[in-house]
Every structure is written in C-alpha cells, then in structure tokens.
Amino acid sequence: MDAKKCTAESDVTDTRAVFEGPDHQALKLPPASDAELESHEVFKKNADGVDFRTVGWPPATVIFLKIVFSTGILSIPTALYALGAVGGTLSLVAWQAVNTYCAIVQGNFRNRHPECHSIVDMAQTLGGFWLKELVGFIFLIAYILVTGSGIIGLSVAFNALSNHAFCTVWWGLISAAIITACALIRTLKNLGWVTFAGFISLFVAIFIVTVGVTTRDRPAAAPQTGDFELGFVAINYPTFVAGMTATATIFISSAGSSAFLPVISEMRQPRDFKKAVVTCMAIVLSCYLSFAVVVYAWCGKWVANPALGSAGDLIKKISYGVALVGLIASGAINQHIAAKYVFVRVLRHSRHLQSNTVTHWATWVGITLAIGAVAFLLAESIAIFNYILALAGSVCFAPMALVMPGFLYLHDFAAYRRGSLGQRTKWMLHVCLVLLGVFVTVCGTYATVMSINEAYSNGEIGSAFSCADNSGSVAG
C-alpha cells in the first residue's frame with residue numbers, strides 16, 4: 001500500500017520545534033497541539049501488538065553512532081592520501097558540519113510532518129508521486145550498497161583471520177547470512193543492543209590499529225629493507241577523478257542522516273532527536289580525526305584498504321577479530337533500515353503493521369531476505385571497499401543528504417525568499433546547498449565510475465564473484 005501523502009497543508013506542525021525560533025511565522029503550516037501531532041505518527045504509542053515507540057534519546061544516539069561510525073571510517077585514511085593531511089582534515093571537518101546541519105533540517109521537517117516515516121515520504125510532500133518513487137528507489141539502492149560494503153568488510157575479516165581458508169565468495173555468502181540474521185530483529189530498540197556492542201567493537205579495533213601503526217619502524221606494506229618513500233604530504237594535488245572519489249568517500253562517512261528518520265519515528269519523544277544527532281556527530285568527528293590522521297601520518301601511501309590491515313599481519317588478525325561484531329552490526333543496521341522502509345511501505349495503514357500476524361512476519365522476513373540477497377550480489381560485483389562506498393555516496397547519498405534537505409527547508413520556509421535580509425540570506429544559502437548536492441552527485445558519480453574502470457583495467461579489482469583473497473593475507 002502507498003503511504004498517505006504528507007502534505008504541506010496538513011495541520012500537523014509544531015512551530016515550537018522549529019530551530020528557526022521567532023521566524024516561525026514564515027512556515028506554511030499553522031501550529032498544532034501535541035495530540036494532533038501524535039495522531040499523525042506512523043507508529044502509535046501503546047498500540048495493540050508490537051510497540052515500536054520505545055527508543056529514548058541516549059539509545060538513539062548509539063543507533064545514530066552505528067549508522068554513521070560504521071565501515072566508512074575504514075576507508076578515510078586512503079582518502080587522506082589522495083587529498084593530503086591538511087586538505088583531508090579540512091574536508092572531514094567541513095563535511096561533518098554540513099551533514100550535521102542537514103540531519104537537523106531533516107529531523108525538524110519530520111517533526112513538523114510526523115506522518116513522514118522516511119525521506120521518501122518527505123519527497124512526496126515536495127514533488128508528489130514521481131519524486132516519491134525516485135527518492136524511494138535511491139534510498140533503497142543506497143542502503144543496499146552500504147549493506148554490500150558491510151558484507152565486503154566482513155568477508156575481508158574472515159579471510160584475514162583464516163589466511164584465506166575458503167573462496168572469498170563463500171566468505172561473502174556467510175557474511176551476508178550473518179548480517180541478514182541480525183537485520184531480522186524487528187525493532188530498533190532491540191537492534192540497539194547489537195549496534196552498541198558493534199560500536200564498542202569497532203572502536204576498540206580501530207584503537208588497536210592506531211596504536212599498532214605507531215609501534216612500527218615503517219609501514220607493514222612498505223619495503224622492509226632499504227630506503228622507501230612514505231608518501232605523507234600536507235597538501236596533495238590529485239587528479240580531478242582521484243580528488244572527487246576521495247571527497248565522495250569522506251562525504252559518505254557521515255552522510256547517513258536519511259537513516260536517522262526511521263529511528264526518530266521510533267523514539268518515545270521525537271523532539272529529543274537533536275540531542276542524539278549533536279552528541280553522535282561530535283563523537284564521530286573526534287574519532288575520525290584521531291584515527292585517520294594518525295594512521296595516514298604513520299602509513300602514508302602504504303595504508304591498507306580497509307585500514308584495519310595497516311599495522312601488520314598479527315595486529316590485522318587481532319583487530320579484525322575484535323571488529324567482527326562491529327562489522328556485522330554495520331551491515332545489519334543498514335539492511336534493517338532498507339527493509340523497514342519497504343516493510344512500512346507495504347503494510348502502512350494495515351492492521352498487520354503492528355500486529356503479530358502471519359502476514360506481518362512473512363512480509364518482514366521476506367523483505368529482509370530479499371534485500372540481503374541483492375546486497376550480496378552487488379558486493380560480489382564491486383568487490384573493492386572504498387569504491388562501493390564512494391559510488392553509494394555520489395549516486396545516492398548526495399541527493400538524499402544534501403539536495404533533499406535544501407529543498408525541505410525551501411519548502412517550509414518559502415516566505416523567506418521575500419522576507420528580511422537575514423531570511424533571504426538563509427533562503428539563498430539553502431539554494432547553494434541544493435547546488436552543492438547536484439555537484440557532488442554528478443561529478444562524484446563520474447569520478448567514481450572512472451576510478452572503478454581504471455581499477456578493473458590495472459587489475460586492482462578482479463572479476464565478479466572472484467575467489468581471490470581480498471584481505472592481503474595471501475600473496476599473489
């Protein structure tokens with residue numbers, strides 16, 4: 001069933017929740033009571049059957065952390081090599097600030113239109129049926145691609161721990177099965193325990209690698225005798241293709257704000273989402289900077305991809321062993337978000353949405369299994385970690401995390417176009433945000449596709465469904 005259109009004319013806004021403060025009169029919508037807002041929520045409190053509205057803001061912070069602080073961090077040191085230490089650091093800080101702001105814009109819009117469960121519902125508000133279908137397709141592909149990157153990361157871990165004991169395709173299939181089993185957990189509150197363990201797991205693994213690279217005389221991948229060039233530079237001058245690919249990789253490392261929206265829909269008090277967003281992004285930025293800069297400074301151009309393999313074989317095995325739960329949780333949360341979108345889309349306005357019926361379970365299990373299967377196929381087709389992330393960032397996340405928030409703001413604050421100087425300035429800045437998103441989408445996609453073609457040409461990427469080792473554990 002199609003979701004009910006969340007129209008701008010609906011009487012479902014709460015101007016007190018708008019971060020624009022005294023400018024709330026610019027909104028198209030009249031104020032609504034708490035009861036009216038609650039009546040438009042997708043998941044009702046105390047509903048018979050499954051109660052999805054059980055997430056407080058601290059658990060929401062943990063879920064946001066695992067959405068953002070996932071496999072993307074493992075490719076950032078490689079991106080720093082392309083941009084240089086200073087350029088890469090500035091890019092990290094700038095994208096983190098932009099993505100934090102865009103997350104708040106999306107959350108505020110959702111709270112003014114609480115019947116919008118996802119960015120797809122918001123697209124219908126802006127452009128009707130066709131825009132909704134387009135954004136829905138992009139949303140689904142985005143989180144399937146990121147789930148695929150989680151499958152690749154987990155298969156790399158299994159290869160590293162086993163010294164490539166099995167064909168990589170089999171490790172990929174095992175990884176997809178494990179991730180899918182965790183993604184089948186229905187509510188984000190229950191999945192939150194997995195994501196919390198995953199965050200701690202990945203954080204500790206990254207800390208081990210960060211310490212490990214500083215104890216070596218030279219990078220593990222560098223020549224172990226004679227002179228060598230580290231490749232550490234403050235400012236690099238990459239080609240357009242290499243620079244845009246690195247930029248897209250850094251951008252996607254904190255661009256998962258569209259996945260925050262279904263989480264906000266399952267919060268007990270959706271207005272508390274800003275606490276979770278700001279706390280999450282502050283933690284993520286500090287971790288990204290400390291990890292990426294240290295690893296790049298000590299490994300230079302010899303950094304591994306994913307970066308957990310940068311400190312030698314022993315540390316690689318230890319770090320991947322510790323990171324297993326984190327790698328599983330990274331794939332599971334993204335697969336769950338994709339499956340939950342389709343699940344709500346199919347059963348919305350049906351008693352089966354929050355009832356433990358056969359239809360409820362069959363729909364949920366079937367959708368989750370199907371998404372896991374597609375993610376596995378994509379992961380085996382583009383089996384290089386940073387490229388699948390860069391492709392997802394350019395094609396999917398730039399439209400959702402940059403273009404859409406700009407249009408959401410312009411929609412609800414349309415009167416700013418002819419308001420005071422300050423209001424017109426805000427309006428124009430959000431036009432620039434839309435243009436930035438279009439630039440990243442077009443140029444980032446072009447650069448990533450060119451990089452993938454080049455990687456296939458020089459043998460960096462093998463054939464699809466290759467049994468070759470993807471962890472660097474076996475020579476040749």
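Leaving aside its neighbours within four places in sequence, which residues is W171 in contact with? In this predicted model, W171 lies in helix α6, and beyond those sequence neighbours it is in contact with S155, F158, N159, S162, A165 and F166. Of these partners, F158 stands 13 residues from W171 in sequence, while the C-alpha atoms of the two are 6.6 Å apart in space. W171 has a relative accessible area of 10%, which is under the 20% cut-off, and therefore counts as buried.

Helix α6, which spans residues 168-183, also meets helix α12, which spans residues 358-381, and the two axes come within 10 Å of each other and cross at roughly 150°. Because angles over 145 degrees count as roughly antiparallel, α6 is roughly antiparallel to α12, and the crossing is right-handed. On the α6 side the contact is made by T168, V169, G172, L173, A176, T180 and A183, which meet W364, T368, L369, G372, F376 and E380 of α12. Sorted by class, the residues of this contact are seven nonpolar, five polar and one charged.

From this pair of helices the reader can turn to the nonpolar cores. The largest of them has 118 residues, among which F69, I119, Y143, F251 and F397 touch the most other members. Helix α5, residues 119-162, gives this core its largest share, 19 residues. I119 touches Q106, V135, F139, S258, L261, M400, M404 and L408, when residues up to four places away in sequence are not counted. A second core, separate from the largest one, has eight residues, including Y409, L410, W427 and V434.

Conventions: Residues numbered from 1 in each chain as written. Predicted model: local features only at pLDDT ≥ 70, side-chain atom pairs only at ≥ 80, totals over all residues. Heavy atoms only, no water. Core = buried A, V, L, I, M, F, W, Y, C linked by side-chain atoms within 4.5 Å. Buried < 20%, exposed > 50% of the residue type's maximum accessible area, 1.4 Å probe, protein only. Helix = DSSP H or I, 4+ residues; strand = E, 2+ residues; numbered from the N terminus. Contact = heavy atoms within 4.5 Å. Axes fitted to C-alpha atoms, helices over the stretch in contact; angles between N-to-C directions. Parallel < 35°, antiparallel > 145°, perpendicular 65-115°, else oblique. Left-handed = near helix turned anticlockwise from the far one by under 90°. Nonpolar A, V, L, I, M, F, W, Y, C, P; charged D, E, K, R; others polar.
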